[in-house]
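Visitor: I have a structure open and do not know how to read it. Could you take me through it feature by feature?

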Amino acid sequence: MSTILVIDDDPEIRGTFQSLSRRMRFDFLGAGTLAEGLALLRTSQVDVVLLDIRLPDGNGLEALPAVRRGDNPPEVIILTGLGDPDGAEVAISGGAWDYLVKPAPIKQTMLSLTRALKYHKEKEQAGATVALRREGVVGSSPRMEACLDQVAQASRLTGPVLVTGETGTGKELMARTVHANSMRSSGEFVAVDCASLTETLLESTLFGHRKGSFTGADQDRPGLVKLADGGTLFLDEVGEMPMTIQKAFLRVLQEKRFRPVGASVEIQSDFRLIAATNRDLEEMAARGEFRQDLLFRLKTFVIALPPLRERREDIKSLAASHLTDLCERYGLPTKGMGTDFSDMLMAYSWPGNVRELFGVMERSLASAGNEPTLYAKHLPVEVRLHVMKANMERVRPAEPAAPLPGPVGLCAGMLTTLKAFKEAKEREYLDALLFQCGKDLQAMLDTSGLSRSHFYALLKKHNMTL
């Protein structure tokens, strides 16, 4: 029997879906908070989750990767009281099955739920998928697991893949992972850095040339497109490709045929294309700086890598893994990381992402010398200063507000209703409480003297989340 889980703080919504479950003859589970819902997912096999966006203890869209985690993740239907196009985009790109605006018609809800259940059952009957080969890919955070799900899907396809993300997030590593798990894994993975080549060199590098076709062409050379025959061609920083080459490459991508520089006949190459960029190609295309038709072909399948600051759960494991690799490379005994070292890694913002983290680990290893453990003092000075300044900013007391003139600090003519005044002060108190206690729920309850339910009710009232 199928099982659905409704995570919504509105008891009427949960009651409606419970009644609907009886009519459709499947098991029902209900949760009023994200924490309760995630706990049920850990202990129960669920086929479909109906997930509210605004919950007392968090945002449903932000929790989507955690909800869809696991070997057999449930399908997710997002519920919201507001029609938010941007929220719908985030939901669908994050793997949600559907996005329903409350109160959705029962017929529409039943249709979406039935289709999601049918899809989930068919996916189960298709059998277990082969484990993903992920050599060099470190991380088990929800954001990273969601990316690896996309890698697994892209590996089963043969069309182009576009990997996007900030500099240093590991786009080439993800492209290699797609190749390693594809049917072309026995072929070559041929990488081209579009940013490092001039227009003339890029054409010759991609398509090859014949002897005498230009000054310095003293012999025939095959292009990288031909070398990728039967394998994968990886275009790094594809946004830097000149417009003239984009036009020629679009035809190559469609026909898998091209003419080397100086040649009179075309040759073939059966390659799979993976491109990567840290630029907004949509925006570039709108400005006429990137061909719209090429962009349509590239984005057949898109894998968006998150910056390191959005998957902080992976920082320690990435650092430890790279430290082990460095010790092996330099023939050193395995070193450990002190608590202060790890804490400072977690507190840093990592604008250069994983690439910067790996550079910092190598500099720290050199600083430690023969010492068996890395401590915060071994980190580069700029990292330590950045963290210290950020900490000082957080604890710096706010400037005291100037008292308002008039009786009890209120100026005549500026008064609002008592209810509005109390609500404003209530919001100020909650802001101060969150600032002082961070995300430590128990500390906030102890400080405020509020019960858990009253505290969550106030957060919801003021449209606030932890």
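Visitor: Which strands does helix H1 lie across?

Guide: This is a predicted model, so read every value as computed from it. Helix H1, residues 11-24, lies across strand E1 (3-7), E2, E3 and E6. To describe how a helix lies on a strand, give the angle between their directions, on a scale from 0 to 180 degrees. For H1 and E2 that angle is about 170°.

Visitor: In what order do the strands of that sheet stand?

Guide: The order is E2-E1-E3-E6-E7, five strands in an open sheet with parallel pairing. Strand E2 (27-31) and E7 are at the edges with a single partner strand each, so one side of each has no neighbour in the sheet. On average, neighbouring strands here are turned by 20° against each other, direction ignored.

Visitor: How many bridges pair strand E3 with E6?

Guide: Five bridges pair E3 (residues 48-52) with E6, in the parallel sense. To follow the pairing, look at which residues face each other. Leu50 is opposite Ile77 in E6, and Asp52 is opposite Leu79 in E6. E6 also runs parallel to strand E7 (residues 98-101), joined by four bridges. There, Thr80 stands opposite Val101 in E7.

Visitor: Why is E6 described as largely enclosed by the rest of the structure?

Guide: A residue counts as buried when its relative accessible area is under 20%. In strand E6, residues 75-80, six of the six residues are buried, so the strand is largely enclosed by the rest of the structure. Check the two faces separately. Glu75, Ile77 and Leu79 are buried on one side, and Val76, Ile78 and Thr80 are buried on the other.

Visitor: Where are the edges of the sheet with the order E9-E12-E15-E8-E16?

Guide: That order describes five strands in an open sheet, again with parallel pairing. Its edge strands are E9 (189-193) and E16 (301-304), each pairing on one side only. Neighbouring strands in this sheet are turned by 20° against each other on average, direction ignored.

Visitor: Which helix packs on this sheet?

Guide: Helix H7, residues 171-180, packs on the sheet. H7 touches E8, E9, strand E12 (232-236), E15 and E16, and its direction makes about 160° with that of E15. As for the pairing of E8 (residues 161-164) with E15 (residues 272-277), the two run parallel and four bridges join them. One of the residues to look for is Val163, whose bridge partner in E15 is Ala276.

Visitor: What is unusual to look at in single residues?

Guide: One thing to check is the sign of the backbone angle phi. Glu237 has a phi near 55°, a positive value in a residue other than glycine. Glu237 lies in the loop between E12 and helix H10 (243-255). Asn353 also belongs in this list, with a positive phi near 60° in a residue other than glycine. Asn353 is found in helix H15.

Visitor: Is Glu237 buried or exposed?

Guide: Its relative accessibility is 15%, so Glu237 counts as buried. Asn353 is buried too, with a relative accessible area of 0%.

Visitor: Which residues is Ser364 in contact with, leaving aside its neighbours within four places in sequence?

Guide: They are Phe341, Leu374, His378, Leu379 and Pro380. Ser364 lies in helix H15, residues 353-368. The relative accessible area of Ser364 is 0%, so this residue is buried.

Visitor: How do I read the chain as a whole?

Guide: Start with the inventory: the chain has 19 helices and 18 strands. Then take the extent, where the C-alpha trace spans about 90 × 65 × 55 Å along its principal axes. Of the 466 residues in the chain, 41% are buried. The accessible surface comes to about 25000 Å², and 54% of that surface belongs to carbon and sulfur atoms.

Visitor: How far apart are the mean positions of the positive and negative charges?

Guide: They are 2 Å apart, for 57 positive and 60 negative charges. A last figure concerns contacts between residues with a separation of 6 or more: residues 24 or more positions apart account for 67% of these in the chain.

Note on methods
Residues numbered from 1 in each chain as written. Predicted model: local features only at pLDDT ≥ 70, side-chain atom pairs only at ≥ 80, totals over all residues. Heavy atoms only, no water. Pairing = 2+ DSSP bridges. Contact = heavy atoms within 4.5 Å. Buried < 20%, exposed > 50% of the residue type's maximum accessible area, 1.4 Å probe, protein only. Areas by Shrake-Rupley, 256 points an atom, 1.4 Å probe, with all protein chains shown as cover. Lys, Arg positive; Asp, Glu negative; His and termini not counted. Charge placed at Lys NZ, Arg CZ, Asp CG, Glu CD.
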